[in-house]
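Trainee: I've got a structure open on my screen and I'd like to learn how to read it. Can we go through a few features together?

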Amino acid sequence: MEPYVKTIKPGNLETSKGGYTSQLYEFLNLSGTSEWFVIRCFEERPNGRIRFAHTAPFFIDIPGKPLRPRKAEINFLIQRMEEQIQRNKGILPEGALGEYRTALQIYKNIAKTARD
């Protein structure tokens with residue numbers, strides 16, 4: 001999933017104390033739970049410097065549509081479990097190897113619904 005980036009030019013209404021205020025309205029078309037999003041503001045200053053502000057992240061949880069890992073992320077975990085099982089055969093007791101096998105199966109099940 002590519003990041004969603006949009007530039008909005010605010011109205012910047014001057015306040016009675018000489019500052020500025022802006023109201024922004026943006027609709028996000030989300031098909032599932034989001035990882036996070038933020039709002040960033042930039043202002044070019046006369047001296048060539050840039051003033052910058054950044055919100056804390058916002059998270060959106062859509063019931064019934066959980067955040068799914070990317071295929072590359074879950075494939076990494078599958079590969080790590082397979083490597084650990086091979087590396088530890090004959091070293092770890094069967095119970096410990098069983099924990100790796102359980103994790104491997106869980107990751108393989110998650111991979112079925114991973115996103116690109």
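**Reading a helix and its surroundings**

Mentor: Sure, let's start with what packs on what: helix 1 (71-88) is among the elements that cover the buried residues of helix 2. Keep in mind that this is a predicted model.

Trainee: Which residues of helix 2 are the buried ones?

Mentor: Look for Leu 97, Ala 103 and Leu 104. Down the axis of helix 2 these buried residues fall within an arc of 115 degrees, so they line one face of the helix.

Trainee: And what sits on the face of helix 2 turned away from the buried side?

Mentor: There you'll find the exposed residues Glu 94, Gly 95 and Glu 99.

Trainee: How do I decide whether a residue such as Ala 103 is buried or exposed?

Mentor: Use relative accessible area: under 20% is buried, over 50% is exposed, and partly exposed is in between. Ala 103, which belongs to helix 2, has a value of 18%, so Ala 103 counts as buried. Try a distance there too: Ala 103 and Met 81 are 22 residues apart in sequence, yet their C-alpha atoms are 7.2 Å apart in space.

Trainee: How can I check the length of helix 2 against what it should span?

Mentor: Work from the rise of 1.5 Å a residue. Helix 2 covers residues 94-111, which is 18 residues, and should span 26 Å. Its end C-alpha atoms are 25 Å apart, which agrees.

Trainee: Let's move on to charges. What's the general idea behind a salt bridge?

Mentor: Side chains of opposite charge can pair when their charged atoms come close. Searching the whole structure turns up 7 salt bridges.

Trainee: What does the pair of Lys 6 and Glu 26 tie together?

Mentor: In that salt bridge the closest N and O atoms are 3.3 Å apart. Lys 6 lies in the segment before strand 1 and Glu 26 in the loop between strand 2 and strand 3, so the pair ties together parts 20 residues apart in sequence. Lys 6 is partly exposed at 48% relative accessible area, and Glu 26 is partly exposed as well, at 33%.

Trainee: Where do Glu 83 and Arg 80 lie?

Mentor: Both are in helix 1, 3 residues apart, about one turn of the helix. Their side chains meet in a salt bridge, 3.4 Å from N to O. Glu 83 is partly exposed at 34% relative accessibility, and Arg 80 is partly exposed at 35%. Elsewhere, salt bridges that share partners join Glu 43, Arg 45 and Arg 51 into one network.

Trainee: Which residue does Arg 70 pair with?

Mentor: Its partner is Glu 73, with the closest N and O atoms 3.5 Å apart. Arg 70 is partly exposed at 25%, and Glu 73 is partly exposed at 37%.

Trainee: What about nonpolar side chains: which ones form a patch on the surface?

Mentor: Find Ile 8, Leu 24, Ile 39 and Phe 58; together they have about 330 Å² of accessible area. One of them, Ile 39, is in the loop between strand 2 (20-21) and strand 3 (40-44), and Ile 39 is partly exposed at 38% relative accessible area.

Trainee: One last thing, the backbone. What is the phi of Asn 12?

Mentor: It is near 50 degrees, a positive value in a residue other than glycine. You'll find Asn 12 in the segment before strand 1 (13-14), and at 42% relative accessibility Asn 12 counts as partly exposed.

Definitions and conventions:
Residues numbered from 1 in each chain as written. Predicted model: local features only at pLDDT ≥ 70, side-chain atom pairs only at ≥ 80, totals over all residues. Heavy atoms only, no water. Patch = residues over 30% accessible without salt bridge, like charges linked within 9 Å, V, L, I, M, F, W, Y side chains within 5 Å. Areas by Shrake-Rupley, 256 points an atom, 1.4 Å probe, with all protein chains shown as cover. Salt bridge = Lys/Arg side-chain N within 4 Å of Asp/Glu carboxyl O. Helix = DSSP H or I, 4+ residues; strand = E, 2+ residues; numbered from the N terminus. Buried < 20%, exposed > 50% of the residue type's maximum accessible area, 1.4 Å probe, protein only. Expected span 1.5 Å × (residues − 1). Arc of directions from axis to C-beta. Contact = heavy atoms within 4.5 Å.
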